[in-house]
There are 6 protein chains.
Amino acid sequence: MPAGELRYPCPVSCPQVSQATETPMEEDEAWVWAQIKAEARRDAELEPALASYLYSTILSHSSLERSLSFHLGNKLCSSTLLSTLLYDLFLNTFSSDPSLRAAAVDLRAARVRDPACVSFSHCLLNYKGFLACQAHRVAHKLWTQSRRPLALALHSRISDVFAVDIHPAAKIGKGILFDHATGVVIGETAVIGDGVLIGAGATILGNVKIGEGAKIGAGSVVLIDVPPRTTAVGNPARLVGGKEKPSRHEECPGESMDHTSFISEWSDYII
Amino acid sequence: MPAGELRYPCPVSCPQVSQATETPMEEDEAWVWAQIKAEARRDAELEPALASYLYSTILSHSSLERSLSFHLGNKLCSSTLLSTLLYDLFLNTFSSDPSLRAAAVDLRAARVRDPACVSFSHCLLNYKGFLACQAHRVAHKLWTQSRRPLALALHSRISDVFAVDIHPAAKIGKGILFDHATGVVIGETAVIGDGVLIGAGATILGNVKIGEGAKIGAGSVVLIDVPPRTTAVGNPARLVGGKEKPSRHEECPGESMDHTSFISEWSDYII
Amino acid sequence: MPAGELRYPCPVSCPQVSQATETPMEEDEAWVWAQIKAEARRDAELEPALASYLYSTILSHSSLERSLSFHLGNKLCSSTLLSTLLYDLFLNTFSSDPSLRAAAVDLRAARVRDPACVSFSHCLLNYKGFLACQAHRVAHKLWTQSRRPLALALHSRISDVFAVDIHPAAKIGKGILFDHATGVVIGETAVIGDGVLIGAGATILGNVKIGEGAKIGAGSVVLIDVPPRTTAVGNPARLVGGKEKPSRHEECPGESMDHTSFISEWSDYII
Amino acid sequence: MPAGELRYPCPVSCPQVSQATETPMEEDEAWVWAQIKAEARRDAELEPALASYLYSTILSHSSLERSLSFHLGNKLCSSTLLSTLLYDLFLNTFSSDPSLRAAAVDLRAARVRDPACVSFSHCLLNYKGFLACQAHRVAHKLWTQSRRPLALALHSRISDVFAVDIHPAAKIGKGILFDHATGVVIGETAVIGDGVLIGAGATILGNVKIGEGAKIGAGSVVLIDVPPRTTAVGNPARLVGGKEKPSRHEECPGESMDHTSFISEWSDYII
Amino acid sequence: MPAGELRYPCPVSCPQVSQATETPMEEDEAWVWAQIKAEARRDAELEPALASYLYSTILSHSSLERSLSFHLGNKLCSSTLLSTLLYDLFLNTFSSDPSLRAAAVDLRAARVRDPACVSFSHCLLNYKGFLACQAHRVAHKLWTQSRRPLALALHSRISDVFAVDIHPAAKIGKGILFDHATGVVIGETAVIGDGVLIGAGATILGNVKIGEGAKIGAGSVVLIDVPPRTTAVGNPARLVGGKEKPSRHEECPGESMDHTSFISEWSDYII
Amino acid sequence: MPAGELRYPCPVSCPQVSQATETPMEEDEAWVWAQIKAEARRDAELEPALASYLYSTILSHSSLERSLSFHLGNKLCSSTLLSTLLYDLFLNTFSSDPSLRAAAVDLRAARVRDPACVSFSHCLLNYKGFLACQAHRVAHKLWTQSRRPLALALHSRISDVFAVDIHPAAKIGKGILFDHATGVVIGETAVIGDGVLIGAGATILGNVKIGEGAKIGAGSVVLIDVPPRTTAVGNPARLVGGKEKPSRHEECPGESMDHTSFISEWSDYII
């Protein structure tokens, strides 16, 4: 995709491009939020059946942070963990630590890199990987504050609702793209670098580090480090090109999620 | 299972048998619905604790279509997408396009081919693969009508509730049997032929076509075309017998879900 | 972990240690329940936001059995299967058959063997594998009593809520540890021995027996028997060391869930 | 209020004016529904916090009948009487018997006669007297069809939710205006004529007939017939002017709900 | 209604008849429960739309006590007071103190004396006065055990849900019949004798005693003692016949709720 | 109650005492909040079944304002007006206008004057009159800001949930005590002075003013002005002592709610 066609700056999480993005976070968030509102307004007009949903989740809120807190509170609540309690928790945690507010960056990552992502608002409302990741940021913050019982209760809800299971101790970077996300498991001691693309049903366990811009194939079971901009596939996962000289892709992990590309990558070790 | 014992015609989706089934859809649906009611009545009598559930989901309804719309509306609703809205959506969409009403065929497929399927009503109420598939037909219809935001919101609920993640753009045939279904992921550009058997946790991604009566092993990651009546297994999935001369099974994919049969099939490439 | 450091007896399920544990079940359950209450009381004090949750699920109950029945009833209920009905079902079934009350043993297994398990109460409240397993015991009991429609309805809820899919006919031992549990599938004819460790997303299908203290790697698709104290990994799963002379680990499957140990085990067959 | 100022025809229920209103019901309903939608659209724009509510209850529906069925289904449902079931019941009953569809007439009555009624949509959404009355029409229909258990279950929900208690056997006319409505009780054998105004907390019991355009004072306990266009007040209620020559008001019962007018009327028998 | 036609013994609460009823409570309760089940079975068959409701509330239960606990738990629960908690509370309290189990007697009172009461099951499910009264018995028990905060929380739910407001300290006899019940208020220090009939919207406040078989007119505000088998009407309420020689009705307060009888009674002091 | 026994200052709303209370609002609120927390802590300890409720509604909150917003949000929500939306609305409105935060004063009024009010926390959680009044303050604020549709939607929820029906335009003072509150109705143009005591089921309609410290008897229908420290009773309500020289009570309307005192007051016009 030529730069000229790029309607919005590339996500921060993609390191080799990030120098170009000088936009401060607040400005960026405001811009993304404006897009989301415009999209939701258009969709509400075209699809009355969805308008109530769009107003309650997006159009009645004054900021991305509030919209997200509301949406997560309603999705993750249960009869014993009320939506009002969770809404409060999300809102307070996002407000108290600006570093947690990576939603705008993550939304950009999904928008730029996933061809199935038709709009920011679609990702905000419907992408379970995106939503699980934002809620995980709050759970992780609580974990680092030694508020483990609350972190674990939150993790339990995320895992029940989304079938995306990220241990609250796991360190997750920004601009992560979860493709489909269903069945993804990330263990307690994993560290996931910025701009990583994680395929459906991938499992990342043990004391491993996934480098910036790496790609993890769908269904992979990753038990080893994955260097930056490298692809790991299979069960157990191996680096494409081998551990000694992994074939490094110099750009961002796929402007497209064209998984057929994995096929050729896999051909190295299949037969 | 000898044909003589077959109490009901084989599913349409299984092509080499379909000539024998001349039953028009309405008649077939009526027959299946009558079976479901009879089963539910018997179960309600034997198990009072379940009677309320059986009456609300099956016995109080006048057609399979209404029962299914009610059940899906209640299972997929959330605090921001009300059951009444979804019920309306399912009922209207099923009514407006008879081609979406493949539930009877799918129920037969499960009943004939899955030994764990003890009754039609059990499948209707409890099979997440079956339910996700019926809801997907509605989401897909909306997608083709360019009502994408609604299609995606529906997809999001299906994926949250069932952990079965079928992109609304994916084309799914009839008589599909999802074994267990938990963790199944089907991408935007996949095309799944009739009578396909999909194992637990299978992932089907990319611009691929799964032929009629094909079998996809549990946990497989399918990134290549699978010809009709052929089996694909593994991560990444390979055809049993190899790409050049895949071993074709001439009948329907398993009157039984005997997965140990995969073992011998796999033995080709597991040294 | 040296025995001297062991603060609580090893789980019964781990056979070679079990001789040492002469504690009768009731006493053991009482001891575990006392720990859970103490933990919950401490957590409620430190984390007011969680106190309501801890009181409703643990501190307001007089026994582990009641607490578990309440928690499962609230987690598994739906608009058509009310929490009061499920609560009643769990409580009555646990009371009528003491052999179903293996929760204390399972809690110990998680506590001793999973380093991510920071407390008994955390496991009781949040471990979806643990909760799915306790609910499965009730579904299995119903199955053996020929109350199949109710067993299957319960199974459907467990599978929807936890994305852990254990057929009600499957026989599950005690002291099983599900690591993460998301996406685990266990078929109708599987028999799982005591003290087994099951990795995330593992699929166990067909007429297979998993021996005592065996380990199933994350993402494995197990279609063959796994002898006691043996590890199976991969898709399809193979025994580490090969079928002829599987490398047997003499102790309990991992005092730690250190999955990097799988790497060396896998090295046998990854060229 | 001079006729020239009247922006919409007077309700049918007000007999001496009704000759002037030749508008057939369908046309009238369509006109009122158009007003409601316009009001809701304006309110949704001005008050984003309410937009979701307005879209789900009004703006996503294609007719007054569907909107009302949806709103009543959601307001009257309980954990044992699901909203989908009630929605179906209301929709089917309103469709099958056009005479039940008096909502438009009742809305006009409220709009013309109650100064506190600021808009049609406000009455449709918020007036418990109006809502209880529409639901009562359905309960009454069921009663006359000898479907008493369902009629009584519905009555129970109306009475619980609105604290407005109209026995399903009671015969209620059109264009009834319940002022505040809280605590109103109408017994099994009461017959309420068209255009009646019923004050807050009024109780009407026994084999009594309330004539067209009569007024029942707030807190009155009516145990006697009230002739047309006559006012009854007090506990027990007496006719203003006495039983022999009740003071008859020739027009519609109050273009305003000015209750201070009751004062002078009451002066007859106070002292 | 001639005694010969009486299909079931008169309620205990009606003192002059009670000698005739030698039926021990257990037997009586069993008989009433059998009637209820038979009625519910018949209604479920005739009205499929209601069958789910009837099975969940009545037909799936093994005793009147369990059915009532379930129904009250589901009606009185809120997002902060869960149905499972309330169900437990009702079941345990009814079990621990047989004197609280007056439901059968109260059901008989309603059935014999209220012509609007078409069946026992209708009263059990739908009569808010009956339900509020049973729940009040539990709240009162808690009050006498000095468990006031719980008693008051329960009272609050009863008052919110039914608009029937009985202070937990109030002493209520057996065989009480609340006609309509909406808006009834009974204060902390009131004592209500057996077999009393309380009209809609009646308020009983202060240190007063309502004697056996007394009748309180609808909308009355009772601030004085009412002797046995005496009628009080009006606001403030006065005894019919005057305080000196109140006209005593020798039988049970109305085999019918014929409120027009109040008219003649009231004629004493009206004019 | 002698002043010496008074454990807390008299409510501001009681004018002749108010000079003595120099406590600024913030200090007062903090003191009341501290009492509430202490009470709730004690109750939670003594009554484990209630602890979850007390933690979620009181003990997990940092201020009276947040606790009240949470409690009202959860009590007043419906399937179409979510608790998170209402919670936000209450919290924002209370924060933006300190004059709305009269809860502490109202709590004191209930505590000092209603002998049935055993604690502040009991009133905060369970008094429907108190809760309806606090929610009304927010609805009234919205009304004065011309946000009528939202004000009316809120009013509708208050009226449904509590059967307390205060038109959002009505002006309500501070330190109001609603006794029981069930069935109370206050019309659009009423003005209620400070320290007023309103009996159960009272109806106040028309362009009337209720003066400071006035008392309205239970079941009264008030259509005339009530001067300060004067009692009005009956239907229609008359001033005790007559309109010309109403008997004025010089102190606060009843340190007790002894309704028998009404008896003697009423004796003026009864007979």
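The following exercises treat unusual backbone geometry in a predicted model.

**Exercise 1.** Which residues does a cis peptide bond join in chain B, and where is Pro236(B) found?

*Solution.*
Step 1. As background, most peptide bonds are trans.
Step 2. In chain B, Asn235(B) and Pro236(B) are joined by a cis peptide bond, with omega of about -5°.
Step 3. Pro236(B) lies in the loop between strand E11 (231-233) and strand E12 (238-239) of chain B.

**Exercise 2.** Locate the cis peptide bond that involves Pro236(D), and state its omega.

*Solution.*
Step 1. The bond connects Asn235(D) to Pro236(D), and omega is about 0°.
Step 2. The loop that holds Pro236(D) runs between strand E11 (231-233) and strand E12 (238-239) of chain D.

**Exercise 3.** Is Ser146(C) buried or exposed?

*Solution.*
Step 1. Most residues other than glycine have a negative phi.
Step 2. Ser146(C) is not a glycine, yet its phi is positive, at about 60°.
Step 3. Its place is the loop between helix H8 (128-144) and helix H9 (148-162) of chain C.
Step 4. A residue is exposed if 12 or fewer other C-beta atoms lie within 10 Å of its own.
Step 5. Ser146(C) has 9 C-beta neighbours inside 10 Å and therefore counts as exposed.

**Exercise 4.** Determine whether Ala163(F) is buried or exposed.

*Solution.*
Step 1. Ala163(F), although not a glycine, has a positive phi of about 55°.
Step 2. Ala163(F) belongs to the loop between helix H9 (148-162) and strand E1 (165-166) of chain F.
Step 3. The cut-off for a buried residue is 20 or more other C-beta atoms within 10 Å.
Step 4. Around Ala163(F) there are 30 other C-beta atoms within 10 Å, so Ala163(F) is buried.

Technical notes. Residues numbered from 1 in each chain as written. Chains lettered and ligands numbered in written order. Predicted model: local features only at pLDDT ≥ 70, side-chain atom pairs only at ≥ 80, totals over all residues. Helix = DSSP H or I, 4+ residues; strand = E, 2+ residues; numbered from the N terminus.
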